[in-house]
Amino acid sequence: MTIRNLPLSALGALTLFATTAALAHDYKVGSLSIEHPWSRETAVGQKVGGGFMTITNKGSREDRLLSGTSPVAAEVQLHTMSMDGGIMRMRQVEGGIAVPAKGKLELKPGGYHIMFMGLKRPLKQGERLPVTLRFQRAGSVTVQVAVQPVGSAGLMEGGHAGL
Amino acid sequence: MPDFEQPTGRSGLSRLRWAIWIVVGVAALVGLAILYDRARPLSDPASGYANAFGGPFTLTAPDGSTVTEKTLAGKPYAIFFGFTRCPDVCPTSLARMTRLRKQLGADGMKFNIIFVSVDPGHDKPADLGNYVALFGTPIMGLTGTEAQLAQIKKGYGVYSAKVPQPGGDYTIDHTAAITLMTAKGAFSGTIDHQESDTVALEKLKRLIA
């Protein structure tokens, strides 16, 4: 979503505040911190779902998110999506995604995200899913992905829309 | 040499004038033809559907029933093409239509919301029913055979293409705009994913007016 949609997205996020503020959660591994991993609820029969989070690297060396696993999915893939002349394109990313030194990698709607492939059951609003992420330098860490309503644009904390 | 060149120059110039007049004349005729074509009502049955936006289609609803352009006639609709594996644009667009409908209050039900899956390989009609039910407002989730989808995509100017992925599966590139159609099945406008809700609401108000 663009800046023009921000006020309304923020409004949408506000309505979610009550449920999501309690779900705001961080994880640390090495020089990385992973903020607010979240996903959207899925329908019965829906085999795929996206996951989003912000990964901050306090270290002075670049790291890479290489892969993920989760008991709820046959596979966790890294994907990107882009809009190109009104056409939505999604692609699997191979070779991992860089987490820049003294910077951050945002997995968010409209860009990079993790993709649960072959979901073994629907993801239900309010639950948390364990996902183990593997980084090139920092190693592995298991985070709990918060499942939000299907219309969610991001997670909100401290008055900021998590877009 | 000048005696020879001058007359040729003059007749060349007059030939050029004629050529320009011919070009202008042809352009005017083409312009008139386009205006005439545009002036015709798009869904006029007498003109046939051949050149109209939208046009006939046949798809399947989650309960297995057949939905055609005739099923939809009589109520405006907002139609969007995607697939349930779509990571972001599809849920965001459908959630947005749900939100806009709520903002219209009682008028919100004066148009139908239709989601067409262009991924019959993964999305069965019943799956689509479960998917659209997540949004908490009536949305028609439709799909069809590859041939049926090719027909409606052509009618609605929608691009979609399968893109093989490394694991042997595939994803789908597709047009992300929401198309608004009148109760008579004529094109009314589009809602782009980058447009503000204010603009989108105005378009919907015009659609149901």
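Here are four short exercises, with worked solutions, on the two-chain model above.

This is a predicted model, where local features need pLDDT of at least 70, side-chain atom pairs count only at pLDDT 80 or more, and totals for chains, interfaces and linings use all residues. Residues are numbered from 1 along each chain as its sequence is written, while chains are lettered from A and ligands numbered from 1 in the order in which they are written.

**Exercise 1. Sketch the overall fold of chain B.**

Start with the elements: chain B has six helices and nine strands. These are DSSP runs numbered from the N terminus (helices are H or I with at least four residues, strands are E with at least two).

Next, burial. A residue is buried if 20 or more other C-beta atoms lie within 10 Å of its own, exposed if 12 or fewer, and partly exposed in between, with C-beta atoms placed from the backbone. On that count, 36% of the 209 residues in chain B are buried.

Then look at contacts, meaning pairs whose C-beta atoms, placed from the backbone, lie within 7 Å. Of those in chain B with a separation of 6 or more, 64% join residues 24 or more positions apart.

**Exercise 2. Find the largest nonpolar core and see what helix 3 of chain B does there.**

A nonpolar core is a set of buried Ala, Val, Leu, Ile, Met, Phe, Trp, Tyr and Cys residues joined through C-beta atoms within 7 Å. The largest one holds 46 residues, and B:Ala78, B:Leu94, B:Ile114 and B:Val116 touch the most other members. Helix 3 (residues 89-103) of chain B is the top contributor to this core, giving six residues.

Zoom in on B:Ala78: leaving out residues up to four places away in sequence, its contacts include B:Met97, B:Phe111 and B:Ile178.

Now the helix itself. Helix 3 of chain B is mostly covered, with 13 of its 15 residues buried. From first C-alpha to last it reaches 21 Å, close to the expected 21 Å at 1.5 Å a residue (the expected span is 1.5 Å times one less than the number of residues). After the helix comes B:Gly105, with a positive phi near 65°.

**Exercise 3. Work out how strand 7 of chain B is paired.**

Strands pair if DSSP finds at least two bridges between them. Within the chain, strand 6 (residues 160-164) of chain B runs antiparallel to strand 7 of chain B over five bridges. B:Ser160, for instance, sits opposite B:His174. The two strands make a hairpin with five residues between them, and B:Gly168 in the turn has a positive phi of about 100°.

Across the chains, strand 6 (residues 87-92) of chain A also pairs antiparallel with strand 7 of chain B, over two bridges. Here A:Ile87 stands opposite B:Thr175, and A:Met88 has B:His174 as its bridge partner.

**Exercise 4. Decide where to be wary in chain A.**

pLDDT is the predictor's confidence in each residue, from 0 to 100. For chain A the mean is 85, with 79% of residues at 70 or more. By element, helix 1 (residues 6-20) of chain A has the lowest mean, 52, and strand 7 (residues 97-99) of chain A the highest, 98.

Finally, check the weak stretches: pLDDT stays under 50 over residues 17-22 of chain A and over residues 155-163 of chain A. Where pLDDT is low, the predicted coordinates should not be read in detail.

Key
Contact = placed C-beta atoms within 7 Å.
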